[in-house]
Amino acid sequence: MNDRLYKLSRTSPESTDLAQTAQEMASTTRRDFLKTLGTACVAIAIAPVAEKLSVAEAAKTENTPAERDWSKHKWGMAIDVEKCIGCGHCVVACKEENGVPKEPFYFRTWIERYQQFGDETVVDSPNGGYDGFPPETERAERLDKAFFVPKLCNACEHSPCVQVCPVGATFETPDGAVLVDPDYCIGCRYCIQACPYGTRFLNPITGVADKCTLCYHRIHNGQQPACVENCPTGARLFGDLKDQDGPLNQFLREHKIHVLKPHLNTYPKVFYSGIDKEVR
Amino acid sequence: MEHVSHLYEALERVVGFIYPNEVEAHWSVLIVLYPYLTGLVAGAFILASLERVFNVRAVRPTYRLALLTALAFLIIAPLPLLSHLSKPWRFWEILVTPHLTSAMAMFGFVYMWYLMVVLLLEIWFDYRRDFVIWSQQTTGFKRFFYKVLTLGVTDVSEKAIRFDEAAVKTITMIGIPSAFLLHGYVGFIFGSIKANPWWSSVLMPVIFLFSAIVSGIALVLLIYLISNKIRRVPQNMECLDTLGRYLLYIFIIDFALEGLDVIQRTYTAEESFDIIYALVHGHLFATHVVMQLILGTFVPLALLGWIQFGKVSAPARVRIYWLSSVLTLIGIFFMRWNVVIGGQLFSKSLRGFTTYKVELIGWEGGLMALSQAILPVLILIFLIKFLPPWQEHPVTDRAH
Ligand code: SF4
Ligand code: SF4
């Protein structure tokens, strides 16, 4: 188990290869890179990263499985919907970081826009929010409400995807991430069917199931997930649920929190503040 | 990029809002074929056991035919599942490192059990005496072939034959629950996906099971009709009528179960009801209402029911059996289609639809599916040639 986790928790060769292949295929790489760089600068300038870095510090001291006490952490994320401006920088950063194909069919994280016109709620997510959102111009009615909801793997405590994988390629780490071992996955796509949140896809380059890993390779090097680091408004907050006084638990205490599709009993570890009943 | 060009096409046909990863239907027509084939196996086997365990003498002419049909289709059943994997060469991982909470991981074991322990053993015991006789009556390669098949057990004394009979009966008794397991578990693969309201139903394994029996009987009925025609022997009306009656009864149970499912969904009208209603009335109208319900259920039910209550002449009954068995097989195919494909057409956001189009060419295309559907028929022809299932010969006609 530990070897496997170790392999996956480092920036694994698979994902580097993958990133390269994806980069070779994409023609707009340089622009994207600059964009990411730009956002990262903005993020450092604006976002209150200092307190988040303290979590990162804690993780920094234990880089190899031998030194690591798996029971010490339970990673989770909080999303403050009121802060999200739909800029899509997190989507870009995630695709760059994890070598996710650029086509509009593959996302480890994406942004949905909810717009309420009277009784009608319109939801869209053009290219997953990768390029941000065009203003809604065509509709004459008045827009009552609009907000953006970032989505990603919910790192379910009772994850249906883990339950159904016939070979155990999808597994849960003791510290609460859900990962796919690309060397084991047979590509049956049962997990994709089982995930209630549509967060999984079959990577067309590797031919195996793919999904958000909470940037497992980064968080164990003491860094933040790429989406968190690149969010200019601090709408995403990554942290350790076991750290009672940590920023994540503090946030959860101070806000009204929802999880997605609670009736399915998946017990997500991604928590939303400020979402509407429309969000599923 | 080549591999996603078809997804751009599909993207244009998306209606409403779907999660961005949902444009592609991940389970193709091959996964429609998989429960279809296993269903035919389970159904054919259960039909065979009618004769053996419950002594339904009238269907005896189809006993061996049903067993061989089950075997031919069982041999091919894993193929669609296997060829739809994106890493098919890792398939053995399911057997050596199975994940025990996964319904799919059980596939290999249920399959092996059924193939090795139930079907092959039963066929072997049933044919053993014939193998001995044929190995004496034939020459050359055939002689060698049958000799090998006897596995060296050449004792055809009355005592030995009685042992064979008892063995067949025991295996059949183990076989019936195994056939239930085989198809019930395929239904469980879908029924246990709680993320998908079209699939997630406790009735799913039971509906799969009864539709399996229906399709199996229809298939054996059809094969029996065809084989009589080819062999130019008169149709055995008693056997046909009995098969037809069983088909009708089990079809009614199957229909009642599916109806119950629909009524319950409509009555409770849960969160997902609107989208499922839209699904059935829009995207699935042709395959669900027209093909499955009207053509594949109502018409054969009406025809088979008419025979029971009306006075229908023998030649007309034969024609009705032809028609209703073909229609039933089509209807059950579309039932599988509507479950597998239908369940992927609507978004788990319950706000929109994607589309699925069968490509003709390609690894998961229509031609591939068609060839995998024809393969078991070829295997069956081969089996019938080497293991003639006809029991009119006095030597092989056994008394009960
Ligand atoms: S959100 Fe989906 S992929 Fe993530 S753990 Fe839950 S079921 Fe698995
Ligand atoms: S696609 Fe891979 S990870 Fe998903 S269930 Fe199948 S084997 Fe497991």
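## Salt bridges around A:E278

In this predicted model, A:E278 pairs up with A:K277 in a salt bridge, and their closest N and O atoms sit 3.2 Å apart. The two partners differ in how much of them shows: A:E278 counts as buried because its relative accessibility is 17%, under the 20% cut-off, while A:K277 is exposed at 73%.

A:E278 also forms a salt bridge with B:R351, with 3.3 Å between the closest N and O atoms. This one crosses between chains, running from the segment after β11 (270-273) of chain A to the loop between α14 (342-345) and β2 (352-353) of chain B. Both A:E278 and B:R351 are buried.

## Inside chain B

Over all chains, there are 25 salt bridges. Another of them joins the side chains of B:R128 and B:D164, at 2.9 Å from N to O. It ties together distant parts of the chain: B:R128 belongs to helix α6 (residues 106-137) and B:D164 to helix α8 (residues 158-191), 36 residues apart. B:R128 is buried, at just 2% relative accessible area, and B:D164 is buried too, at 6%.

Then there's a network of salt bridges linking B:E51, B:R52, B:R60, B:R64, B:D126 and B:D130.

## Two helices crossing

Helices α9 (residues 204-231) and α13 (residues 314-340) of chain B have axes that come within 9 Å and cross at roughly 145°. Their contact has 19 nonpolar, 4 polar and 2 charged residues.

## Around the ligands

Ligand 1 is surrounded by 14 residues, with A:C153, A:N154, A:C156, A:C161 and A:C195 the closest. For ligand 2 there are 13, and the closest are A:C165, A:T170, A:C185, A:C188 and A:C191.

Definitions and conventions: Residues numbered from 1 in each chain as written. Chains lettered and ligands numbered in written order. Predicted model: local features only at pLDDT ≥ 70, side-chain atom pairs only at ≥ 80, totals over all residues. Heavy atoms only, no water. Near = heavy atom within 4 Å. Axes fitted to C-alpha atoms, helices over the stretch in contact; angles between N-to-C directions. Helix = DSSP H or I, 4+ residues; strand = E, 2+ residues; numbered from the N terminus. Nonpolar A, V, L, I, M, F, W, Y, C, P; charged D, E, K, R; others polar. Salt bridge = Lys/Arg side-chain N within 4 Å of Asp/Glu carboxyl O. Buried < 20%, exposed > 50% of the residue type's maximum accessible area, 1.4 Å probe, protein only.
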